[in-house]
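Let's take a walk through a protein that may be new to you. Have a look at the picture first, turn it around a little, and then read on.

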Amino acid sequence: MEFYIYNTLNRKKEKFVPLNSKEVSLYTCGPTVYNYAHIGNLRTYIFEDILKKSLEYTGYKVKHVMNITDVGHLQSDGDSGEDKMALGAKRENKSPWDIARFYEKAFFEDCKKLNIKKPTVSCRATEHIEDMINLIKKLEEKGYTYIANGNVYYEIDKFKEYNKLAKLSMDELEAGSRIEVDVHKKNPLDFVLWFTNSKFTNHIMQWDSPWGCGFPGWHVECSAMSIKYLGEKIDIHCGGVDHIPVHHTNEIAQSEAALGHNWVNYWMHGEFLVLDGGKMSKSNGDFLTLSRLMEEGFTPLDYRYFCLQSRYRKQLVFSFDSLKEAASSLRKLKAKINLINENITSSENVDESKINNYKLKFENQISDDLNTPNAFTVLYEVLKDNMLTNKEKIILVEDFDKVLSLDLLNYETYNKSNVDENLINSLIEQRCKARQDKDWAKADEIRDTLKDMNIELIDSKEGTTWREI
Ligand code: AMP
Ligand code: ZN
């Protein structure tokens with residue numbers, strides 16, 4: 001089946017043609033490990049996981065490489081602001097190395113909870129300094145760099161196609177880099193490849209280099225490591241939309257200048273998750289993590305399901321109310337599937353052609369630039385289809401779950417022991433009292449609260465009982 005991808009490079013949906021039919025090369029920009037990932041970051045990793053699994057579902061083998069940014073970098077995408085790793089180290093009174101390892105582990109734990117598959121290769125920036133130095137040397141040999149005030153800069157005016165991904169006016173491009181003007185740059189958009197003289201003289205993470213002891217700029221790690229593990233031409237490169245104007249633009253400038261040819265065929269970008277009240281940012285310290293959602297009583301897969309209800313290229317507004325709605329429909333979906341599973345009988349048939357028809361329908365949706373909302377429509381069609389046996393339905397659910405990864409056949413998480421019976425009984429008593437007082441609004445409100453907890457009340461002459469829905 002043909003696979004379609006929205007390619008940011010050309011601003012259109014295109015048929016995916018891999019460089020090598022046997023294995024797709026996929027590079028995704030990984031986390032900066034100076035703090036926990038926020039749920040916005042995790043939305044992007046969920047999108048990339050769906051991409052990888054959809055490609056695998058349609059028959060491709062995928063080699064997926066992701067970097068771990070564990071070198072200290074500046075808070076802004078330009079070369080200004082505070083050093084992120086140093087900030088984390090100061091905050092927690094640990095060394096930058098300890099900070100990096102701690103948050104890397106926390107990141108992979110979050111991914112595991114969200115059923116995000118590990119990359120084929122995950123590579124730490126600190127373990128690839130030599131590869132970065134070699135890339136910078138190549139750029140220097142080819143005349144793309146200059147040294148000013150002790151730092152090695154990339155001179156963007158030497159790379160004619162600098163704007164090919166961002167497609168912004170120079171004013172728009174410059175807006176992002178002008179937070180703090182670096183007087184040593186020839187062009188405000190030039191960026192540092194190697195620092196020997198950063199404004200942080202006490203930088204702990206330092207390495208020897210031909211230009212002196214120092215550390216790399218942020219963008220160079222992705223170019224160096226992706227080329228090392230995936231070769232000089234790559235099928236797909238992903239990240240969040242914030243990476244389009246600076247990070248990915250600079251990655252292209254470095255890689256294509258060094259290699260002397262086109263580098264990545266398809267660029268895919270996930271839109272942002274935003275909070276009801278605006279943007280989510282790690283640097284102001286106030287952000288939502290997966291653990292916070294769990295403290296509020298949600299499961300990680302409630303959040304995954306919430307993300308999959310929207311297309312990855314649409315901005316998604318997060319609120320606890322909408323997450324609650326998503327959690328409730330996931331619970332109902334799993335209850336439905338559980339019922340079907342419990343009712344399978346040994347005499348049921350399996351008709352391969354009916355199964356394949358539905359598999360094709362599902363594949364059609366995910367290979368249409370990852371249309372996950374429509375993929376769920378196919379799943380609901382399967383559950384409703386009277387022409388399918390229970391056995392056939394469960395085979396299809398299991399199959400679709402290879403991509404959706406919601407543990408759809410696991411209803412155990414919702415067993416009775418998770419229900420707080422004391423709380424339910426106390427709410428029923430309060431509602432009873434409200435009804436005696438003829439406070440119907442309050443009584444209705446309590447009924448709705450219980451409904452949100454997936455508890456249905458049954459009123460009869462004998463009193464009120466409840467059941468899980
Ligand atoms: P970082 O750890 O800051 O480098 O970000 C990791 C990934 O999350 C990158 O691909 C970013 O583009 C992406 N990202 C950052 N903020 C958000 C957000 N609010 N919503 C979705 N993705 C985001
Ligand atoms: Zn990157």
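What follows is a tour that starts with the whole chain, stops at the two ligands, and ends with a few individual residues.

Before anything else, keep in mind that this is a predicted model. The protein is built from 15 helices and 15 strands. If you follow the C-alpha trace along its principal axes, it spans about 85 × 55 × 40 Å. There are 469 residues in the protein, and buried ones make up 54% of them.

Let's begin with the metal. Which residues coordinate the zinc ion (ligand 2)? Cys 29 and Cys 222 each do so through SG, His 247 through NE2, and Glu 251 through OE, at 2.0 to 2.4 Å. Along the chain, these donors follow the spacing C-x192-C-x24-H-x3-E. That long first gap in the pattern is worth tracing in the picture, as the cysteine pair links distant parts of the chain. Cys 29 sits in the loop between strand S3 (23–28) and helix H1 (39–57), while Cys 222 belongs to helix H6 (residues 219–230), and the two are 193 residues apart. Both cysteines, Cys 29 and Cys 222, are buried.

What about the geometry of the zinc site? The angles among the 4 donor atoms of the zinc ion (ligand 2) run from 74 to 128°, and the site is irregular. Why isn't it called tetrahedral? Because four donors count as tetrahedral only if all angles lie between 85 and 135 degrees, and here the range starts at 74°.

Now to helix H7 (residues 244–259). Of its 16 residues, 15 are buried, so the helix is largely enclosed by the rest of the structure. Right after H7 comes Gly 260, which has a positive phi, near 80°.

Next stop, ligand 1. There are 16 residues around this ligand, and the ones that come nearest are Gly 40, Thr 44, Gly 240, Asp 242 and Leu 273. Leu 273 also turns up in a polar pairing: one of its polar backbone atoms is 2.9 Å from a nitrogen atom of ligand 1. Thr 32 has a polar backbone atom 3.1 Å from an oxygen atom of the ligand. With Asn 41 the side chain takes part, as an N or O atom there is 3.1 Å from an oxygen atom of ligand 1. How much of ligand 1 does the protein cover? On its own the ligand has 500 Å² of accessible area, and the protein covers 93% of that.

Which elements build the shell around ligand 1? Two or more residues come from each of H1 and strand S10 (234–240). H1 gives the largest share, 4 residues. Sorted by class, the shell holds 4 nonpolar, 9 polar and 3 charged residues.

Let's turn to the backbone. Most residues other than glycine have a negative phi. Two residues in this protein are worth a look with that in mind. One is Asn 115, where phi is positive, near 60°. You'll find Asn 115 in the loop between helix H3 (96–113) and strand S5 (121–124). Its relative accessibility is 23%, so Asn 115 counts as partly exposed. The other is Leu 370, not a glycine either, with a positive phi of about 60°. Leu 370 lies in the loop between helix H11 (352–366) and helix H12 (372–384). Is Leu 370 buried or exposed? With 2% relative accessibility, Leu 370 counts as buried.

To finish, here are some residues to help you get a feel for distances. Met 66 is in strand S4 (residues 61–68) and is buried, with a relative accessible area of 4%. From C-alpha to C-alpha, Met 66 and Asp 157 are 29 Å apart in space, and 91 residues apart in sequence. Val 350 has its place in the loop between helix H10 (320–342) and H11, and at 35% relative accessibility Val 350 counts as partly exposed. Its C-alpha is 41 Å from that of Ile 234, with the two residues 116 apart in sequence. Finally, Ile 469 is in the segment after strand S15 (463–468). Between the C-alpha atoms of Ile 469 and Asn 265 there are 48 Å, and along the chain these two are 204 residues apart.

Note on methods: Residues are numbered from 1 along each chain as its sequence is written. Chains are lettered from A and ligands numbered from 1 in the order in which they are written. This is a predicted model: local features need pLDDT of at least 70, side-chain atom pairs count only at pLDDT 80 or more; totals for chains, interfaces and linings use all residues. Side-chain values use heavy atoms; hydrogens and water are left out. Donors are N, O and S atoms within 2.8 Å of the metal (3.2 Å for Na, K and Ca); water is not among the atoms, so sites may look incomplete. Four donors count as tetrahedral if all angles lie between 85 and 135 degrees; four count as square planar and six as octahedral if opposite donors are over 155 degrees apart and all others between 65 and 115; anything else is irregular. Buried means under 20% relative accessible area, exposed over 50%, partly exposed in between (1.4 Å probe, protein chains only). A residue is near a molecule or strand if one of its heavy atoms lies within 4 Å of it. A polar contact is a pair of N or O atoms within 3.5 Å; within protein, one must be able to donate a hydrogen and the other to accept it, and residues adjacent in sequence count only if both atoms are side-chain atoms. Accessible areas come from the Shrake-Rupley method with a 1.4 Å probe; for residues, only the protein chains shown count as cover. Ala, Val, Leu, Ile, Met, Phe, Trp, Tyr, Cys and Pro count as nonpolar, Asp, Glu, Lys and Arg as charged, and the others, Gly among them, as polar.
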